[in-house]
Amino acid sequence: MPTLEFTEGDTAEIVLHNQLKESTSLHWHGLFLPNKEDGVPFLTQMPIEPGETFTYRFPIIQTGTHWYHSHSGLQEQIGMYGSFIMHKRADDKTFRKGIDDLPEIPIMLSEWTNLKPENVHRMLHNASDWFAIQKGATQSYAEAIRTGNFKTKLKNEWKRMMAMDVSDVYYDKVLMNGNHLTDLKSIDGKPLKAGDKVRLRISNGGASSYFWLRYAGGKMTVVASDGNDVEPIDVDRLIIAVSETYDVVVTIPEDGKAYEFMATTEDRTQSTSYFIGSGTKQYVGEMPRLKYFEGMKMMNDMMKMNGDLDDMGMNMSLNQMDMNVVMYPEITGEEKGKKAKDNGQPMEHHGENHKMNTDEDPNRYNANALSNIVTLNYAMLKSPHNTTLPKDAPVKELKFTLTGNMNRYVWSMDNKVLAESDKIPVKKGEILRITIHNNSMMRHPIHLHGFDFRVLNEHGENAPMKNIIDIMPMETDTIEFLANTEGDWFFHCHILYHMMAGMNRVFAVDDYKNPELPNKEKAYKMLQRESNMPHLMAQSDFAINGIDGEAMLMNARYSLGTEWRLGYNDMHGYEVETHLGRYIGKMQWLMPFIGFDWRYRKMGMDEHEQNLFGQVNKKDNRAAVSLGVMYTLPMLVNVQAEVYHDGIFRVSLMREDIPISRRLRAGFMVNTDLEYMADLRYILTRHIGIRTHYDSDMGFGVGLSLIY
Ligand SMILES: [Cu+2]
C-alpha cells in the first residue's frame with residue numbers, strides 16, 4: 001500500500017473503499033487520534049463490509065516514522081500495510097539539523113508465505129512441524145546423537161518441550177518495500193555520493209518475523225524509535241521487533257561502491273537488502289546459522305518441571321541479556337568441533353575468545369560484553385527531552401504476566417485469553433504504570449494503541465517514548481503513560497498469530513460514546529469470539545489393513561476430537577472414539593473429558609477378552625459413554641485414564657511424533673485392554689506421508705498418511 005506523508009498540523013483524511021470480498025479496516029499504528037478513528041473492528045468501529053466506503057479523518061498532532069495496517073483477520077500477513085510518515089514543521093523547536101533535514105527513504109519490511117495465512121494459523125495450532133522441516137530446524141534424535149547432544153534432547157523432552165525455534169513460521173521470501181533486492185543510487189533525483197548520509201525510516205510490517213538490521217558501510221546511527229526521537233547512538237546491528245519502527249542514519253563511505261543494508265529474519269533463513277550508493281556491491285555477509293542445540297541446553301536450564309521459567313536471579317530487562325546469544329556463532333563462537341571459517345567479515349570474528357565463559361559469568365548473555373559487536377538494546381535509548389508525566393496525576397499500577405505454551409499454541413496474559421477477560425476500566429487523567437513479566441518461552445512485542453508510553457530505564461527523566469515493547473522470555477519491564485484520551489484502546493502482542501490466539505486486553509478510558517459503535521457490549525463479544533476461533537485438524541491413514549485417523553476441533557481451552565480405526569472386514573473390526581475435553585492450567589498438560597465409544601468386531605468364536613484388571617470387555621458390539629482424564633507426562637507421553645458407564649476401566653499410554661530424523665516420526669500406544677500399536681511415519685510433503693504400523697487389532701499395515 002502507498003506511503004502516506006503528512007506534516008504536523010495537517011488534518012488527515014483517508015477514504016477507504018473496500019473492494020475486497022471480505023470486511024476490512026485500517027489501524028494507524030502509533031498515532032494519537034480520537035478512538036473512533038483507531039481502526040479496530042468491533043472495538044472502535046464496525047467492520048467495513050465489501051463495497052462500503054469509510055472515511056478516516058483526524059488531526060496530525062505528532063511526528064515521526066509510523067505505519068498503518070489492516071486490523072481485520074489475517075490481512076496483515078498478505079500485504080495490507082504501508083508507511084505513515086509525519087514530518088516536523090520547519091519551525092519545530094525539536095527540529096534536529098543534520099538529522100531531520102537528511103535525504104530519507106521509508107522502508108517497509110515484510111515477509112511472504114505461499115501458504116494461505118489461515119493455513120499458517122491452523123498449522124501453528126496443530127503443532128505441525130512442517131515449518132521446522134523447511135527451516136532445517138527439526139532438532140531430531142538422529143541429529144542430536146550425531147552432534148553429541150543426545151542427553152540434551154532427552155532432557156528437553158523430559159521437560160515436555162518440543163523443539164524450539166526463535167520464530168514460528170517459515171517464509172518463502174522477505175521484502176523491503178515489496179522487493180527482495182533494491183538499488184538506491186539517488187534520492188529525489190539527487191545521486192548519492194561519498195559522505196552523504198541517508199535516513200532510513202524502517203517499519204517492521206512482518207506478521208511474525210523479527211529482523212536483524214546490519215549495514216556494510218560502517219556503524220549505523222539510531223535516531224528514533226517508534227516515531228520518537230532518541231539521542232543518536234552508533235551501533236553495529238539492531239533487532240527490530242514485529243511492528244516496531246526505527247530511524248537509522250547510514251553514511252556512504254566511498255564513491256564507486258554500493259553498500260548493503262540488510263535485514264535478516266531472526267531465524268536467519270531469509271534476508272532482503274537495499275544497496276545504497278552506486279558501483280561495486282559491498283556485501284555485509286549472511287548471518288551464520290543458529291546453534292539450535294546450544295539454545296536447547298539453555299532452555300533446559302531455564303525451564304522448571306512445572307513449566308515456569310527460572311531466570312536464575314538475573315533480573316532480566318530491556319533486551320540487555322539475550323539468552324539467544326548462546327546460539328549466535330558470531331558472538332559465542334562456532335559450534336563445538338567446527339572450525340570458525342574465515343568468510344571475510346571483519347565485524348563478526350570476536351566470538352572465539354569468549355568460549356571459556358563459565359556458567360557463573362554474570363555477562364554470559366550480554367552480547368555487548370561478550371563481543372566487539374555493538375547491539376542496540378532498550379537501555380541505550382534516551383529521549384532528547386524530559387518525558388516525565390504530571391506529578392499530581394493519580395497512578396494506577398497494573399501487572400501482567402505473559403503466558404502461554406508452544407505445544408498447543410495458546411498465548412495469553414495472566415493465563416487468560418481475551419475471550420476470558422473483561423475490559424480494564426481506567427479513569428481519564430490517570431497514569432497507568434504497567435509491569436510486564438514474560439513467563440512464556442517466546443518473545444512478545446507488546447503494543448499499545450493510542451498512546452506512547454515511557455519505557456523506564458536508566459535514563460530517568462529522559463526515558464524513551466515508544467508504543468511497542470519487545471519482552472524476551474523471563475524479562476520484566478515497566479512502562480507508564482498518561483491516559484488522557486477517552487476510548488477503548490487495544491493492548492496486545494503484535495505477533496499476528498499470538499494476537500489471534502488471544503494475547504490481548506482492552507483499556508477502557510472512561511465510558512466513551514462511540515458513534516461508530518452503537519452496541520459496544522455486543523461488539524466486544526464479537527471481538528472476544530474472533531480471537532478464540534476453533535481450528536480444524538484432520539489426519540487419516542489409508543493402509544493395506546485398514547483406515548485409521550482422527551479429526552479435531554480446538555480452541556484455547558476446548559478440544560472436540562474423534563478417532564477412527566476401520567478394518568476392511570468384520571474380524572478386524574470398526575471403532576470410533578469421540579472426546580470432548582477442556583484443557584486445564586497454563587501448560588495445558590491436563591485435560592478432563594467426556595467420551596463416547598462405539599466398536600464392532602467379530603472375534604470368531606464370540607470369545608471375550610479380559611483386560612489387565614480382569615474385567616471382561618465385550619468387544620464385539622459395544623457403545624459406551626465414558627469419563628476420563630488425559631495428562632502429559634515427562635517425555636511428552638500422554639497417559640489417558642477412562643471409566644465407562646458399564647464399569648470398564650481403561651488406562652492408555654501414548655506418544656506421537658517422536659522426531660527420529662528430520663522427516664521421520666515414531667509413535668506408540670499401549671493400554672490395559674492389552675492393545676498396542678507402534679508406528680513410523682515419513683513426512684513427504686505438508687499433507688502427505690508414508691506410514692507403517694503394527695496394531696494388535698489390525699496387524700501390520702503400510703499406507704499413505706494424509707494430513708490436513
Ligand atoms: Cu506474542
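A crossing of two helices is left-handed if the near helix is turned anticlockwise from the far one by less than a right angle, and right-handed if clockwise. The structure is a predicted model: local features need pLDDT of at least 70, side-chain atom pairs count only at pLDDT 80 or more, and totals for chains, interfaces and linings use all residues. Residues are numbered from 1 along each chain as its sequence is written.

**Exercise 1. Describe how α4 and α5 cross.**

Step 1. Find the helices, which are DSSP runs (H or I, at least four residues) numbered from the N terminus. Helix α4 covers residues 150-158 and helix α5 covers residues 292-302.

Step 2. Take the axes, lines fitted to C-alpha atoms over the stretch in contact, with angles from 0 to 180 degrees between N-to-C directions. They come within 9 Å and cross at roughly 45°.

Step 3. Name the angle. Under 35 degrees is roughly parallel, over 145 roughly antiparallel, 65 to 115 roughly perpendicular, and the rest oblique. So α4 is oblique to α5.

Step 4. Give the hand: the crossing of α4 and α5 is left-handed.

**Exercise 2. List the residues that meet.**

Step 1. Apply the contact rule: C-beta atoms, placed from the backbone, lie within 7 Å.

Step 2. Read off both sides. Thr152, Lys155 and Asn156 in α4 meet Phe293, Met296, Lys297 and Asn300 in α5.

**Exercise 3. Judge the confidence of the model.**

Step 1. Use pLDDT, the predictor's confidence in each residue, from 0 to 100. The chain's mean is 91, and 95% of its residues reach 70 or more.

Step 2. Find a weak stretch. Over residues 337-358, pLDDT stays under 50.

Step 3. Where pLDDT is low, the predicted coordinates should not be read in detail.

Terms used:
Helix = DSSP H or I, 4+ residues; strand = E, 2+ residues; numbered from the N terminus. Contact = placed C-beta atoms within 7 Å.
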